[in-house]
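Good morning, colleagues. Please look at the sequence and the structure on the screen before I begin.

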Amino acid sequence: LYISSLGFTYAINAATGALRWKTLAGSFPVLPVISNGKVYVMGNHFMFTLDSATGAILRIKQDFVLFHNPKSLNIANGIFYYTDEFSTVAFDTSININVVWRNNNVFPGLTDMDQITNSPMIIGNRAYCRKPGGAVMLDTQTGNVLWQGSSDGAGMTIANGIFYTTKRIVNSGAVDNYFVQAIDIATHTQIWISNNITLSTFLVSSPCVVTKSGKMHRFGMTYN
C-alpha cells in the first residue's frame, strides 16, 4: 500500500499495517502511481521516481512549467496523465519527459475538493476526467475532447461500459440535492438517475460498483 502526505511517501504492508519505508519526496505530493516496480510521485515543480521495494529515489525531474501545482496523476501504456488548475497533460516516461499533448480548455478553476476526485481514468484510448460542472472524455492520442457531460458532483467510476457519477441540483439559499446517475459511455445517454441521496454542501465519495461475480470497481480501478 502506497500513500503520500505532506512531503513524504510511505509504503505500508497491506496485510499487517507495518511500515516498509518512508521517503521524503517533494512538498504536498499527489496520489502516487505504481508501474513496473517504480513509484511515481508528483509534487509542485518536481516528479520523483522511487524504487517500490526500498523507497530509494531513482530520479528527480524538475520542471517549473510542466509540474506546476499538479492535482492528480495516472499512468497507462507508458504515458502519464495529470491535471492542474488549468489543464490536463499527457507526457511520456522517457528521461527527457516529452509532452505528448496538453489541453488547456478542460479544467479551468479546479477547487481543492476537485483534487480528491479528479485523477484521469484511462480505458482503452479514452481518458475520462472530472471538471467543474461535469465530466469529459478525451482522446488519449490527441487530447481532443470527444464528449462532455453534466454531473456537478464529486466522484466517478466506470464499470462494464457504464459511467457512474454524481449529479448536483443547486438549491438557492439552502443545501444542495445530490443524485447518482448511470450513463452509457458508448452512446452518452443517461440510463437511470437515482432518488435524492443526500442534502449537503458537497459530496466527496466516488461510486463503488460490485458485480454479481464479486468484482469491485472504484474510481477507475477494478479489483477481483
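I shall describe two sheets and then one loop residue.

A word on conventions comes first. This is a predicted model, in which local features need pLDDT of at least 70 and side-chain atom pairs count only at pLDDT 80 or more, while totals for chains, interfaces and linings use all residues. Residues are numbered from 1 along each chain as its sequence is written, and side-chain values use heavy atoms, with hydrogens and water left out.

Let me turn to the sheet built from strands 1, 2 and 3. These 3 strands form an open sheet in the order 1-2-3, with antiparallel pairing. By strand I mean a DSSP run of E of at least two residues, numbered from the N terminus; two strands pair if DSSP finds at least two bridges between them. In general, strands of a sheet pair through backbone hydrogen bonds, either parallel or antiparallel.

Why is one side of strand 1 and of strand 3 left without a neighbour in the sheet? Strand 1, residues 2-5, and strand 3, residues 19-24, stand at the edges, and each has a single partner strand, so one side of each has no neighbour there. From one strand to the next, the twist averages 20 degrees, where axes are lines fitted to C-alpha atoms and angles run from 0 to 180 degrees between N-to-C directions. Strand 1 is joined to strand 2, residues 8-12, by 4 bridges. I3 has Y10 in strand 2 as its bridge partner.

I move on to the sheet formed by strands 8 to 11. Here 4 strands form an open sheet in the order 8-9-10-11, again with antiparallel pairing. Strand 8 (72-76) and strand 11 (99-103) are the edge strands, each pairing on one side only. The twist in this sheet averages 15 degrees from one strand to the next.

Strand 8 pairs with strand 9, residues 79-83, over 5 bridges. In strand 9, S72 has T83 as its bridge partner, and L73 has Y82. The two strands form a hairpin with 2 residues between them, and N77 in the turn has a positive phi of about 55 degrees. Of the 5 residues of strand 8, 4 are buried, so this strand is largely enclosed by the rest of the structure. Buried means under 20% relative accessible area, exposed over 50%, and partly exposed in between, with a 1.4 Å probe and protein chains only.

Finally, is T16 buried or exposed? T16 is exposed, at a relative accessible area of 59%, and lies in the loop between strand 2 and strand 3. Its side chain reaches the backbone nitrogen of A18 at 3.2 Å.

Key. A polar contact is a pair of N or O atoms within 3.5 Å; within protein, one must be able to donate a hydrogen and the other to accept it, and residues adjacent in sequence count only if both atoms are side-chain atoms.
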